[in-house]
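Here is a quick tour of a fold, written for someone who would rather look at it than read tables. Keep the viewer open as you go.

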Amino acid sequence: MRMIRIRKRNRDRNKLARLGLARTAPTARTGRWHDGLSDVSIAGDPLAFPHLARTDLPAHPTTVAEYARLVREIAADRARWEPLVRYDALTRWYARLETGPGYEVWLLSWLPGQSSGFHDHGDSSGVLTVVRGELIERSLTHAGEGARTLKPGGQRVFSSGYLHEVVNGALEPAVSIHLYTPGLTEMNQYGAHAVPEQHAEHQAQAGTRRAHG
């Protein structure tokens with residue numbers, strides 16, 4: 001641990017006293033004491049104080065691991081998100097919790113039976129975690145259909161173009177936190193049938209747009 005050197009001001013004063021030199025006020029013109037010591041040298045080096053050179057400020061996340069860690073930290077800070085939770089009988093409720101360079105974090109609530117429908121997130125990747133209740137995630141790819149239950153403490157990390165549906169199939173409300181990087185600007189919906197074919201076609205069209213765009 002770096003130790004802060006404390007200037008030996010008392011010793012300097014005692015030495016001056018032994019030499020019979022008395023302190024006088026600084027001159028108006030120079031702002032320095034008559035004995036040649038500056039105000040800064042008397043008060044100590046201000047750059048030595050930690051609050052002027054903090055090193056504990058968190059850097060913005062840039063990797064998948066750092067995004068996942070940020071979501072875990074937000075999920076654990078219940079005092080931050082819990083007072084914001086609302087429920088809407090007609091649709092999923094959501095509120096943006098945080099934004100940063102290249103990402104955004106959302107809080108969502110789900111009443112029993114509410115679903116996202118099958119969708120992807122365009123070019124955005126992300127991290128999903130449940131903080132209250134439980135949700136069911138269904139994914140549908142060329143390899144087949146999969147389903148998993150998402151409970152508090154677990155995380156799902158997905159890449160751009162990932163196709164899934166999230167639904168509250170329980171009898172109790174649920175709350176989840178979602179991080180998207182880059183920030184979510186596109187969400188393509190798909191029907192429950194022939195989803196892989198539709199998705200493959202959309203991905204091909206998106207690739208063509210990017211190639212020409």
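What follows is a walk through the sheet, the helix beside it, the cores and one histidine.

## The sheet

First, a reminder that this is a predicted model. Its open sheet has five strands, in the order β1-β2-β9-β4-β7, and they pair antiparallel. The edges belong to β1 (93-100) and β7 (155-158); each has a single partner strand, so one side of each is left without a neighbour in the sheet. On average, neighbouring strands are turned by 20° against each other, ignoring direction.

Now pick out one pair inside the sheet. Strand β2 (residues 103-110) runs antiparallel to strand β9 (residues 174-181), and seven bridges join them. For a handy landmark, find L107: its bridge partner in β9 is I177.

## The helix across it

Helix α3 (residues 64-76) lies across β1, β2, β4 (125-132), β7 and β9, and runs at about 150° to β9.

A68 is a nice spot to see the helix meet the strands. This alanine sits in α3 and counts as buried, because its relative accessibility is 8% and the cut-off is under 20%. Apart from neighbours within four places in sequence, A68 is in contact with V127 and Q155. A68 and V127 are 59 residues apart in sequence, yet their C-alpha atoms are 6.2 Å apart in space.

## Two cores

Which residues have the most contacts inside the largest nonpolar core? They are W81, L97, V105, L107, I177 and L179, in a core of 17 residues. At least two residues come from each of α3, β1, β2, β4 and β9, and α3 gives the largest share, with five.

I177 shows how the pieces come together. Not counting residues up to four places away in sequence, I177 touches V71, I74, A75, W81, L97, V105, W106, L107, V127, L128, T129 and V131. There is also a second, separate core of 12 residues, with W106, W110, Y162 and Y180 among them.

## A histidine worth a look

Is H119 buried or exposed? H119 is buried, with a relative accessible area of 3%, so it falls below the 20% cut-off. You'll find H119 in strand β3 (residues 118-120).

As for its company, the side chains of H119 and S116 make a polar contact of 3.4 Å. Leaving out residues up to four places away in sequence, H119 touches two runs of chain: Y162, L163 and H164, then M187, N188, Q189 and Y190.

How values were computed. Residues are numbered from 1 along each chain as its sequence is written. This is a predicted model: local features need pLDDT of at least 70, side-chain atom pairs count only at pLDDT 80 or more; totals for chains, interfaces and linings use all residues. Side-chain values use heavy atoms; hydrogens and water are left out. Two strands pair if DSSP finds at least two bridges between them. Helices (H or I, at least four residues) and strands (E, at least two) are DSSP runs, numbered from the N terminus. Axes are lines fitted to C-alpha atoms, for helices over the stretch in contact, and angles run from 0 to 180 degrees between N-to-C directions. Contact means heavy atoms within 4.5 Å. Buried means under 20% relative accessible area, exposed over 50%, partly exposed in between (1.4 Å probe, protein chains only). A polar contact is a pair of N or O atoms within 3.5 Å; within protein, one must be able to donate a hydrogen and the other to accept it, and residues adjacent in sequence count only if both atoms are side-chain atoms. A nonpolar core is a set of buried Ala, Val, Leu, Ile, Met, Phe, Trp, Tyr and Cys residues joined through side-chain atoms within 4.5 Å.
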